[in-house]
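Please look over the sequence and the model below before reading on. The paragraphs that follow go through the structure one region at a time.

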Amino acid sequence: MWYELAADALDREACARLDDADPLAAQRAAFALPTGVVYLNGNSLGPLPQAAVARLEHAIQHEWGRGLVRSWNEAGWFDAPRRVGGKMAHLIGADADEVVIADSTSVNLFKLLVAALRLRPGRHVVVVDPHDFPTDVYVAQGLERLIRGCEVRSLDGGDEDVVQALDERVAVVALSHVDYKTARRRDLAAVTKQAHAAGALMLWDLSHSVGAMPIDVRAADVDLAVGCSYKYLSGGPGSPAFLYVARRLHEQFASPLPGWMGHAAPFEFAAEYVPAAGVSRALCGTPPILSLAALEAALDHWHGTDLHQVRAKSEALCELFIRLVEERCPSGELQVASPRLSGERGSHVALRHPHGYAVMQALIARGVIGDFRAPDLMRFGFAPLYNRFTDAWDAAIALAEILVARSWDKAEYARRRTVT
Ligand SMILES: *Cc1c(COP(=O)(O)O)cnc(C)c1O
């Protein structure tokens, strides 16, 4: 065991001792975290990796500034979507040539859902969870309007419902591995197996799990996957997303956005579209080189990181935070919306409070940064590479003080900003 929480009441010194003994503690220095801030929102926007600063500087001054258009060949720009995809593949248990970096998670969902429908001719149903991240649901619903006969089928809840929603009309099941609101974690292998038993393909959105836990798409026999790179991976605001297509589907896979970057020979400028070999055909237009440069620097940092250790620390941090909230915060006001069992949880903790938005604003004013998801959820993300056990302590104590003093009850904290 790497992380052992004592059973008796903890104090800040005990948390500091956990930090001292933490084998991942040294990783924190790789991130540019402002002093005085307890950053618990890496599940929304990961902090700046120190290495990205120099990498971006080089990409701007040297590659763009001096190399100009020559850098497409000389600085490896053209291959960046494949190269950087290859560097993140190990984080999801895929081979390097099964992953590319492209577009946003929303756009990749569109491409893979349409491709999945084509891979299952005669089947027209897309199964989604209506409580999933809205973009996932919206994109599926958009297909109903775009493709004649396509139908979206919504689950009611739990994993059991996946089985009940399956029949011979289902082409693809598209679900999030970890729920963005509650952090509930689905069983990747078990649900994939259920989809396959019904003859459907399985598409996972790994946005809220990649970089927070080991994922093995090969062992789970996953067909298709997408996910964000700006959350636990710290690729930077709006950094391009990843997409995975299992090797066995590469030959038949067809992108509904057959752009020139997915062509077998883009610089032949041929009249006819011929798809590139393998997952490269999922590329569409010109890649965002500066964002890819930052993401590549962020991913280089993950090299050699033991994801089982990352997961163990994530469980311990979340466990500690939930315990402290229950011990220290006034009872009755807050409700833990995340699963209590570590095995059923991702890497953030969601707390329900009727004035959750204002409470979170009061926390942010004190330097404890989490976020809020309507109507009443406060989210606290624990990223094992840089969060400390003392962060969990400081956040829980700040929350308790704010609730006891009702210092959240101010007009300025109730005013909703655009991004919550
Ligand atoms: C963050 C997140 C997204 C965001 O998609 P973008 O296209 O990058 O805006 C989509 N799905 C899930 C499950 C997410 O957590």
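A residue is called buried here when its relative accessible area is under 20%, exposed when that area is over 50%, and partly exposed in between. L48, with a relative accessibility of 41%, therefore counts as partly exposed. The model is a predicted one.

L48 sits in the loop that runs between β1 and α2. Between the C-alpha atoms of L48 and S338 there are 27 Å in space, and the two residues are 290 positions apart in sequence. L224 gives another case to look at. L224 belongs to strand β7, which covers residues 224-227. Its relative accessibility is 0%, so L224 counts as buried. From L224 to L112 the C-alpha separation is 7.1 Å, although their positions lie 112 residues apart in sequence.

Charged pairs also connect parts of the chain. Side chains of opposite charge can pair when their charged atoms come close. The model holds 27 salt bridges. One of them joins the side chains of R12 and D394, with an N to O distance of 2.8 Å. R12 is in helix α1 (residues 12-21) and D394 is in helix α12 (residues 389-405), so this salt bridge ties together parts that are 382 residues apart in sequence. Are these two residues buried or partly exposed? R12 has a relative accessible area of 35% and is partly exposed. D394, at 25% relative accessibility, is partly exposed as well.

A second salt bridge is formed by D22 and K313, whose closest N and O atoms are 2.7 Å apart. This pair, too, links distant parts of the chain: D22 is in the loop between α1 and β1 (38-39), K313 is in helix α10 (residues 307-328), and 291 residues separate them. Where does this pair stand in terms of burial, buried or exposed? D22 has 6% relative accessibility, under the 20% limit, and so counts as buried. K313 has 2% relative accessibility and is likewise counted as buried.

Helix α10 also supplies E319, which pairs with R345 in the loop between β9 (335-336) and β10 (348-352), 26 residues away in sequence. The side chains of E319 and R345 meet in a salt bridge at 3.6 Å, N to O. The accessibility of the two partners falls into separate classes: E319 is partly exposed at 31%, whereas R345 is buried at 1%. Elsewhere, R83, K87, E296 and D300 are joined into one network by salt bridges that share partners.

The ligand comes next. Which residues are closest to the ligand? They are S106, D136, H208, Y230 and K231, out of 13 residues that surround it. By residue type, the shell around the ligand divides into 3 nonpolar, 7 polar and 3 charged residues. Several side chains come within polar-contact distance of ligand atoms. For S106, an N or O atom of the side chain is 2.6 Å from an oxygen atom of the ligand. For Y230, the corresponding distance to a ligand oxygen is 2.7 Å. In the case of D136, an N or O atom of the side chain is 2.9 Å from a nitrogen atom of the ligand. Taken alone, the ligand exposes 390 Å², and the protein buries 87% of that area. Helices or strands that give two or more residues to the shell are α5 (105-119) and α6 (134-146).

The loop between β3 (125-128) and α6 contains D129. D129 is buried, with a relative accessibility of 8%. A polar atom of the D129 side chain lies 2.8 Å from the backbone nitrogen of H131.

Finally, the surface carries a nonpolar patch made up of I60, W64, L68, V69 and L290. Together these residues have about 490 Å² of accessible area. I60 is placed in helix α2, residues 50-67. At a relative accessible area of 37%, I60 is partly exposed. The patch criterion asks for over 30% relative accessible area, and the value for I60 is 37%.

Notes. Residues numbered from 1 in each chain as written. Predicted model: local features only at pLDDT ≥ 70, side-chain atom pairs only at ≥ 80, totals over all residues. Heavy atoms only, no water. Salt bridge = Lys/Arg side-chain N within 4 Å of Asp/Glu carboxyl O. Helix = DSSP H or I, 4+ residues; strand = E, 2+ residues; numbered from the N terminus. Buried < 20%, exposed > 50% of the residue type's maximum accessible area, 1.4 Å probe, protein only. Near = heavy atom within 4 Å. Polar contact = N/O pair within 3.5 Å; in protein donor to acceptor, adjacent residues only side chain to side chain. Areas by Shrake-Rupley, 256 points an atom, 1.4 Å probe, with all protein chains shown as cover. Nonpolar A, V, L, I, M, F, W, Y, C, P; charged D, E, K, R; others polar. Patch = residues over 30% accessible without salt bridge, like charges linked within 9 Å, V, L, I, M, F, W, Y side chains within 5 Å.
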